[in-house]
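Work through these exercises with the coordinates open. Each task is followed by a stepwise solution.

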Amino acid sequence: MQSIVAPADGRLLNVDPHAFILLVDGVGILVHIGINTVRLEGRLFEVLAERGEQVTAGTPIVSWDPASVTDPDMDRTILVVLMDQAPDSIVSPAIGTDVVAGDVLFTQE
């Protein structure tokens, strides 16, 4: 099993098995676990945190087993999206790379 952790300190606005939204200083961060994984209807995921909970960076939010995703129409990529921001206001050294907990994903200018 692999834990998907909070990318920053904030409050969980929503937690689904395949995705969660974290509110950080008024900005939403969407973490989507896999592509087309909503089709799993929660299978292969274990939710570890609750909606409304205050969390710190590195807090485990959802656990899953990416190796169990075998459907060719699904992908194990985890998307982290800074919501409602102008595209040119975000700088990311992590685009297109593998990251681990604690790596800087992006900064907002």
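**Exercise 1. The largest pocket**

By class, how many nonpolar, polar and charged residues does the lining of the largest pocket have?

Solution. Begin with the ground rules. This is a predicted model, in which local features need pLDDT of at least 70 and side-chain atom pairs count only at pLDDT 80 or more, while totals for chains, interfaces and linings use all residues. Residues are numbered from 1 along each chain as its sequence is written, and side-chain values use heavy atoms, with hydrogens and water left out.

Step 1: fix the term. On a 1 Å grid over the protein atoms alone, a pocket is an open set of points where a 1.4 Å probe fits, with protein on both sides within 12 Å along at least five of seven lines; lining residues have an atom within 4 Å of a point.

Step 2: sort the lining. It has 24 nonpolar, ten polar and five charged residues. Here Ala, Val, Leu, Ile, Met, Phe, Trp, Tyr, Cys and Pro count as nonpolar, Asp, Glu, Lys and Arg as charged, and the others, Gly among them, as polar.

Step 3: locate the centre. Of the 39 lining residues, P7, I78, V80, V99 and L105 lie nearest to it.

Step 4: add the volume. The largest pocket has about 1100 Å³, taken as the space filled by probe spheres set on the points, with points joined across faces, edges and corners.

Step 5: assign strands (DSSP runs of E, at least two residues, numbered from the N terminus). At least two lining residues each come from β1 (2-5), β4 (27-35), β8 (75-82) and β10 (107-108). The largest share, seven residues, is supplied by β8.

**Exercise 2. The chain as a whole**

Describe the secondary structure and overall dimensions of the chain.

Solution. Step 1: count elements. The chain has zero helices (DSSP runs of H or I, at least four residues) and ten strands. The radius of gyration is 14 Å, close to the 13 Å that the globule rule gives for 109 residues, so the chain is as compact as a globular protein of that length. That radius is taken over C-alpha atoms, and the rule is 2.2 Å times the number of residues to the power 0.38.

Step 2: take the extents. Along its principal axes the C-alpha trace spans about 40 × 30 × 25 Å.

Step 3: check contacts (heavy atoms within 4.5 Å). Among those with a separation of 6 or more, 59% join residues 24 or more positions apart.

**Exercise 3. Two positive phi angles**

Where do D25 and D84 lie, and are they buried or exposed?

Solution. Step 1: recall the background. Most residues other than glycine have a negative phi.

Step 2: take D25. Its phi is positive, about 50°. D25 sits in the loop between β3 (19-24) and β4. Its relative accessibility is 80%, so D25 counts as exposed (over 50% relative accessible area; buried is under 20%, partly exposed in between; 1.4 Å probe, protein chains only).

Step 3: take D84. Its phi is about 55°, also positive. D84 belongs to the loop between β8 and β9 (90-91). With a relative accessible area of 77%, D84 is exposed.

**Exercise 4. Two buried residues**

Which residues do V27 and H18 touch, not counting residues up to four places away in sequence?

Solution. Step 1: V27 lies in strand β4 and is buried at 14% relative accessibility. V27 touches L22, L82, M83, Q85 and Q108.

Step 2: H18 is in the loop between β2 (10-16) and β3. H18 is buried, with a relative accessible area of 15%. Its partners are V31, H32, I33, T37, V38 and F45.
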